[in-house]
Amino acid sequence: MARISLIGPGAIGSAVGGALLDAGHEVTFCARKAFTRLSVRKEDERPKMHLVNVVTAPEDLSEADWVLVCVKTYQVPGVADWLKAAVTPGAKVAVLQNGIEQRENVEPFVPEGTEIVPVIIDLPASRKAPGEVVWKRIAQAFVPEGEAGKAFVALFEGSFLTAETTEDFVTRGWLKLCNNAPSGAVLALTGLPLGVMHSPGVAEVARAILTECIAVGRADGAKLDDELIERQMQAFLSAPAQEGNSMYEDRMAGRPMEWSARNAVILRKGEKHGIATPVSAVVVPLLQAISEAKA
Ligand SMILES: NC(=O)C1=CN([C@@H]2O[C@H](COP(=O)(O)OP(=O)(O)OC[C@H]3O[C@@H](n4cnc5c(N)ncnc54)[C@H](OP(=O)(O)O)[C@@H]3O)[C@@H](O)[C@H]2O)C=CC1
Ligand SMILES: CC(C)(CO)C(=O)C(=O)O
């Protein structure tokens with residue numbers, strides 16, 4: 001049994017926390033608001049209920065073997081005090097976030113030399129209320145190879161979440177970004193779920209963002225095959241029309257959005273590798289404007 005402090009019991013934090021409780025670990029949820037029960041439900045199934053340990057002040061935290069960071073990328077500076085209290089000597093930190101900069105996001109807020117495990121998480125989840133989450137279809141996590149990666153994978157044995165190490169984490173990250181960058185931007189800008197891909201010209205906007213993402217990802221070392229464009233576009237076009245994603249949910253709730261981690265990253269890396277990204281250059285300021293107007 002591992003002792004785990006989980007920072008950010010939102011959609012991902014609640015679902016992953018439920019998996020860790022299923023696996024028999026001692027999980028402390030670090031939250032802004034207290035709750036006493038956790039309900040984790042796979043769509044169309046009955047919920048699994050847990051009584052949970054929730055703390056709302058960093059000084060109430062006890063020592064942990066693992067600290068899981070499950071806040072949105074733009075929320076990391078806001079949890080600096082939690083990280084300061086939670087990351088005691090020997091604790092490993094896992095960062096469960098979209099994008100390709102999980103390590104860079106958290107590094108400035110933990111002591112030098114802390115073992116940081118970046119995690120790519122495929123787990124479509126939606127938090128309905130504090131301590132209540134619904135997830136669907138897939139529950140999978142990827143971490144880099146190595147001792148810390150193996151230890152992270154072992155945490156989920158006996159749970160509904162499948163974790164595995166991958167020898168090519170860079171490719172794994174960019175593959176996920178090839179889904180997140182186009183779909184996040186299109187849904188957040190239109191305020192419509194994935195069915196909007198069938199509106200005139202919209203799939204072409206998604207395709208253009210995807211094409212830039214693939215070009216920049218390849219320059220960044222990801223192995224992205226030639227068929228990826230058609231595969232990803234087919235996935236968008238065949239998804240249920242009402243399906244959203246986490247950036248769409250943020251937009252609809254009037255919350256800030258992960259435009260930097262999911263779209264501006266294409267500009268940053270494109271500039272670094274000398275690759276033109278004209279469509280992202282149009283999309284990013286629009287996303288930023290919406291995100292900051294709502295903040
Ligand atoms: N949702 C999804 O389907 C998926 C999301 N992801 C990625 O996972 C990451 C997390 O996303 P998601 O779970 O959707 O995000 P949510 O917005 O659902 O959850 C974020 C959580 O962090 C908490 N939080 C934020 N700031 C603080 C703070 N200062 N102190 C304490 N708690 C804080 C929020 O608390 P409060 O409730 O008080 O706001 C909330 O519980 C993102 O990078 C996202 O892109 C990846 C795959 C799928
Ligand atoms: C692709 C998806 C929907 C689920 O894994 C996601 O990453 C998100 O909603 O941010």
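Biologist: Which elements each supply at least two residues of the shell around ligand 1?

Modeller: Those are α1 (11-22) and β9 (125-129). Keep in mind that this is a predicted model. The biggest giver is α1, with three residues in that shell.

Biologist: What makes a residue count as part of the shell, and which ones come nearest to ligand 1?

Modeller: The cut-off is 6 Å, taken from the C-beta atom as placed from the backbone. The shell around ligand 1 holds 27 residues, and G8, G10, I12, Q97 and N98 come nearest. By class, 13 are nonpolar, nine polar and five charged. Glycine counts as polar, so G8 and G10 go with the polar ones.

Biologist: Which residues surround ligand 2?

Modeller: Here we have N98, D122, L123, P124, N179, N180, N245 and S246. Leu and Pro count as nonpolar and Asp as charged, so L123 and P124 are the two nonpolar residues and D122 is the one charged residue. The other class, polar, has five members.

Biologist: How do you know which domains the shell around ligand 2 draws on?

Modeller: Set the residue numbers against the domain bounds. Domain 1 spans 3-166 and domain 2 spans 169-293. N98, D122, L123 and P124 fall in the first range, while N179, N180, N245 and S246 fall in the second. That fits the shell drawing at least three residues from each domain.

Biologist: How many residues of domain 1 and domain 2 are in contact?

Modeller: With contact meaning C-beta atoms within 7 Å, 14 residues of domain 1 touch 15 residues of domain 2. On the domain 1 side, β8 (116-122) and β11 (140-144) each give two or more residues. That side has seven nonpolar, five polar and two charged residues. The domain centres, over C-alpha atoms, are 25 Å apart.

Biologist: What does UniProt place at residues 4-140 and 170-290?

Modeller: The unreviewed entry puts "domain: Ketopantoate reductase N-terminal" at 4-140 and "domain: Ketopantoate reductase C-terminal" at 170-290. In the model, 4-140 is 18% helix and 35% strand, whereas 170-290 is 71% helix and 0% strand.

Biologist: Why are β4 and β9 called edge strands?

Modeller: The sheet is an open one of four strands, ordered β4-β3-β10-β9, with mixed pairing. β4 (48-51) and β9 each have a single partner strand, so one side of each is left without a neighbour. From one strand to the next, the twist averages 20 degrees.

Biologist: What makes β3 and β4 a pair?

Modeller: The rule asks for at least two bridges. β3 (37-42) and β4 have four and run antiparallel, so they qualify. In that pair, L38 stands opposite H50.

Biologist: And how are the strands ordered in the eight-strand sheet?

Modeller: The order is β5-β2-β1-β6-β7-β8-β11-β12, again open and mixed. At its edges are β5 (53-55) and β12 (162-166), each pairing on one side only. Inside it, β6 (66-69) and β7 (92-96) are joined by four bridges and run parallel; V67 has V93 as its bridge partner.

Biologist: Which strands does α1 lie across?

Modeller: They are β1 (3-7), β2 (26-30), β6, β7 and β8. Angles between N-to-C directions run from 0 to 180 degrees, so about 165 degrees to β2 means that α1 points nearly opposite to that strand.

Key. Residues are numbered from 1 along each chain as its sequence is written. Chains are lettered from A and ligands numbered from 1 in the order in which they are written. This is a predicted model: local features need pLDDT of at least 70, side-chain atom pairs count only at pLDDT 80 or more; totals for chains, interfaces and linings use all residues. Domain bounds come from an automatic or database domain assignment. Two residues are in contact if their C-beta atoms, placed from the backbone, lie within 7 Å. UniProt positions are given in the numbering used here, feature names are shortened, and annotations may be inferred rather than shown by experiment.
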